[in-house]
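This report describes one protein chain for a reader who has not seen it before. Please look over the sequence and the structure first.

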Amino acid sequence: FARLKADTFSVERIVLKNVELTGPLALPKGLEFDVVYDPKGMARAAVVHGPEALLAKLVARRSGFDVEMSASSFTLPFAPEISLSKFSLKGTATAQGMQVSEWDGALLNGTLSGTGNVRWGDSWAVDGVVTARNINAAVFAPALLSDGKGEGSGKFSMRGRPGKLASSSRLDGSFTVTRGVLGSIDLARAIQTGGKQATGRTQFNEMNGQASYD
């Protein structure tokens, strides 16, 4: 969003290779930027290449940029413990933040998708909606389930310094697990023995519930 034109000097294009952006966010290394400027010295378009087939395209639209991004694998900068494969994103960015109209990726043999809003500055705010489909519930909740496919939707939010967003995350939503197995208890045996014997497994057709994470 900076203007690069002076009275006796102007820039039409800048190419940067093998870029490493340091800071509180975990961004990919070895990035390549190709930025084109208009006669007024403002960025008109940009293309970013990176590892894991990362490709981002930005095109100027009035007060901001249209953004399209894709990658074979992408680690969320503000939640480095989450890495999505087959990642894609569309949205608009301004100097104040970014509105994500759609994003999706693969995780735990299923898919995640949704929308989001990011407001940046000294303190960041991230919120949006996420929908999960066909998630491997046994990997997501191994203490409870040993098998099953999960679906669900919810709202998420994060507040704070950019490098500390994950620690302030909150999620509220609902879920359904189908054709699953409780891996630590046999309900039928527990009932028959008055609770004296309960170890084992319990198959079920469907489980519904509300979930909160803070």
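The accessible surface of the chain comes to about 13,600 Å², and 54% of that area belongs to carbon and sulfur atoms. Accessible areas come from the Shrake-Rupley method with a 1.4 Å probe, and for residues only the protein chains shown count as cover.

This is a predicted model, in which local features need pLDDT of at least 70, side-chain atom pairs count only at pLDDT 80 or more, and totals for chains, interfaces and linings use all residues. Residues are numbered from 1 along each chain as its sequence is written, and side-chain values use heavy atoms, with hydrogens and water left out.

The pLDDT (the predictor's confidence in each residue, from 0 to 100) averages 91 over the chain, and 100% of the residues score at least 70. Confidence is lowest in helix 1 (residues 137-140), with a mean of 84, and highest in strand 2 (residues 31-37), at 97.

The chain has 2 helices and 12 strands. Helices (H or I, at least four residues) and strands (E, at least two) are DSSP runs, numbered from the N terminus. In sequence order the pattern is β-β-β-β-β-β-β-β-β-α-β-β-α-β. The chain is more spread out than a compact globule, because its radius of gyration is 23 Å, well over the 17 Å that the globule rule gives for 214 residues. That radius is taken over C-alpha atoms, and the rule is 2.2 Å times the number of residues to the power 0.38. Along the principal axes, the C-alpha trace spans about 90 × 30 × 25 Å.

Of the 214 residues, 32% count as buried. Buried means under 20% relative accessible area, exposed over 50%, and partly exposed in between (1.4 Å probe, protein chains only). Among contacts (heavy atoms within 4.5 Å) between residues at least 6 apart in sequence, 37% join residues at least 24 apart.

Three asparagines can be taken one by one.

| Residue | Location | Relative accessible area |
|---|---|---|
| N18 | strand 1 (residues 13-19) | 65%, exposed |
| N109 | loop between strand 7 (97-107) and strand 8 (110-119) | 60%, exposed |
| N136 | strand 9 (residues 124-136) | 17%, buried |

N18 has a positive phi of about 55 degrees, although it is not a glycine. In N109, also a residue other than glycine, phi is positive and near 65 degrees. Leaving out residues up to four places away in sequence, N136 touches L108, N109 and G148.
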